[in-house]
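Welcome, and please open your viewer. We will go from stop to stop, selecting a few residues each time and looking at what is there.

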Amino acid sequence: MFLTGAPTTMPDLSCYTTNLLAHVTPDIPDVRRRLARGVRLAVRIDLPPGELAFSHHPRIDTTHDGRRLAYAGTRDWPTAREALHRALLRDRRVLAVANTRHLPWSPARDRSDAPHWILLKDRRDDQWLVADHFSALTPNGTQSPYLGWIGDAELAAALAPWPGPPSEVARRDVLALGEETTTPPADHYRWLDWAPANDGGGAPGTGTWVLDLDASLRHTSEVLRADPTAVARYVDDLWAAARHHTFKLAFDVADGNTDPARAAAASAAWDELPRALRFAAQSTARGRPRPGAVERSVDQLRTALRALPAPDKE
């Protein structure tokens with residue numbers, strides 16, 4: 001059964017971060033500001049040619065009593081169902097990993113696979129109350145926030161594992177919390193549970209990373225120019241980066257740290273980047289690579305960002 005009500009949206013964020021914020025806000029009331037202050041585009045630079053990894057923010061989910069989220073999982077649905085129910089009884093909500101292909105309310109249903117975090121909020125017999133705060137215009141259509149009851153079999157389908165995700169998707173999952181996190185095998189049902197926090201040191205993960213935004217954009221542009229087929233694999237990562245950075249700019253303007261006109265120009269340049277990447281990816285698929293379009297869009301963004309105050313002056 002679908003409900004007409006929907007959870008409050010949190011615009012300008014990826015599906016991971018939107019539902020992460022909804023999940024942790026009761027335990028971390030200032031998490032939105034914590035995120036805004038931590039938004040970054042860290043890029044790993046020691047991967048093979050054509051490969052990229054991104055971290056969009058440091059860990060923001062550490063509670064004041066010293067807990068953090070960690071992946072949990074199991075191969076069979078009955079075990080997963082009972083573990084989710086126990087977590088729901090204990091914490092009153094659970095952040096679970098779904099697949100857009102199997103979500104009844106997703107415009108990607110029966111079209112494309114992608115990990116998608118959703119919130120489980122209640123269970124009554126074989127019915128689960130599910131919330132999805134994500135809102136966006138996607139290549140498959142408009143995704144609207146959702147709140148509704150779905151049956152046990154429908155939830156099992158929604159959370160069904162995606163056994164063979166490509167490397168960029170696997171890296172996206174590993175880094176979804178901001179820093180490298182151990183994930184269950186791809187053939188497991190997955191969710192996130194609370195665990196004692198450990199000090200990861202703030203580094204995004206193993207390997208060599210660039211944390212400076214301008215340098216990260218330069219490296220990304222160079223990789224995409226050298227391998228036009230990589231554009232289609234990483235456009236979602238740059239789309240997420242655009243949403244995170246426009247979110248940060250809105251906070252900067254509200255706090256009086258950034259001139260509204262310059263912030264608007266930077267936001268427009270961020271918004272243009274994924275559009276240019278999708279255009280370039282479609283051209284490459286038709287046999288007409290357009291690396292210049294990617295390079296121009298990145299250069300325009302870098303120019304707009306140089307007009308903003310330096311981070312240490314904000």
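Before the first stop, one definition: a charged patch here is made of residues with over 30% relative accessible area and no salt bridge, with like charges joined within 9 Å. Bear in mind as well that this is a predicted model.

**Stop 1: a charged patch**

Select Arg286, Arg288, Arg290 and Arg296. These arginines gather on the surface in a patch of positive charge. Now keep Arg286 alone in the selection. Where does arginine 286 lie? Its place is the loop between α8 (260–285) and α9 (291–306). Is arginine 286 buried or exposed? Exposed is over 50% relative accessible area, and arginine 286 counts as exposed because its relative accessibility is 57%.

**Stop 2: a sheet of three strands**

Next, select β1, β2 and β11. They form an open sheet in the order β2-β1-β11, with antiparallel pairing. Which strands stand at the edges? They are β2 (54–55) and β11 (209–210); each has a single partner strand, so one side of each is left without a neighbour in the sheet. Now look at β1, residues 42–44, which is joined to β11 by two bridges. To see where these strands meet, pick valine 43: opposite this residue, in β11, stands valine 210.

A short aside may help with the stops ahead. Strands of a sheet pair through backbone hydrogen bonds, and the pairing is either parallel or antiparallel.

**Stop 3: strand β5 and its partners**

Move on to residues 115–124, which make up strand β5. How many of its 10 residues are buried? Seven are, and the strand is mostly covered.

Add β4, residues 94–99, to the selection. β4 and β5 pair in the antiparallel sense over six bridges. Valine 94 is a good residue to click on, as it stands opposite leucine 120 in β5.

Then add β6, residues 127–132. This strand pairs with β5 over five bridges, again in the antiparallel sense. Two contacts to try: aspartate 122 has leucine 129 in β6 as its bridge partner, while leucine 120 is partnered by valine 130 in β6. Leucine 120 therefore turns up twice on this tour, facing valine 94 and bridging to valine 130.Between β5 and β6 is a hairpin with two residues between the strands. Select aspartate 125 there: its phi is positive, near 55°.

**Stop 4: on to β6 and β9**

Stay with β6, which is mostly covered, with five of its six residues buried. Six bridges join β6 to β9, residues 146–151, and the two run antiparallel. For a pair to inspect, choose aspartate 132, which stands opposite tyrosine 146 in β9.

**Stop 5: two loop residues with positive phi**

Finish with the loops on either side of β4. Arginine 92 lies in the loop between α3 (77–91) and β4. Its phi is near 75°, a positive value in a residue other than glycine. Arginine 92 is exposed, because its relative accessible area is 60%.

Select aspartate 110 last, in the loop between β4 and β5. This residue is not a glycine, yet its phi is positive, about 65°. With a relative accessible area of 59%, aspartate 110 is exposed.

Methods:
Residues numbered from 1 in each chain as written. Predicted model: local features only at pLDDT ≥ 70, side-chain atom pairs only at ≥ 80, totals over all residues. Heavy atoms only, no water. Patch = residues over 30% accessible without salt bridge, like charges linked within 9 Å, V, L, I, M, F, W, Y side chains within 5 Å. Areas by Shrake-Rupley, 256 points an atom, 1.4 Å probe, with all protein chains shown as cover. Salt bridge = Lys/Arg side-chain N within 4 Å of Asp/Glu carboxyl O. Lys, Arg positive; Asp, Glu negative; His and termini not counted. Charge placed at Lys NZ, Arg CZ, Asp CG, Glu CD. Helix = DSSP H or I, 4+ residues; strand = E, 2+ residues; numbered from the N terminus. Buried < 20%, exposed > 50% of the residue type's maximum accessible area, 1.4 Å probe, protein only. Pairing = 2+ DSSP bridges.
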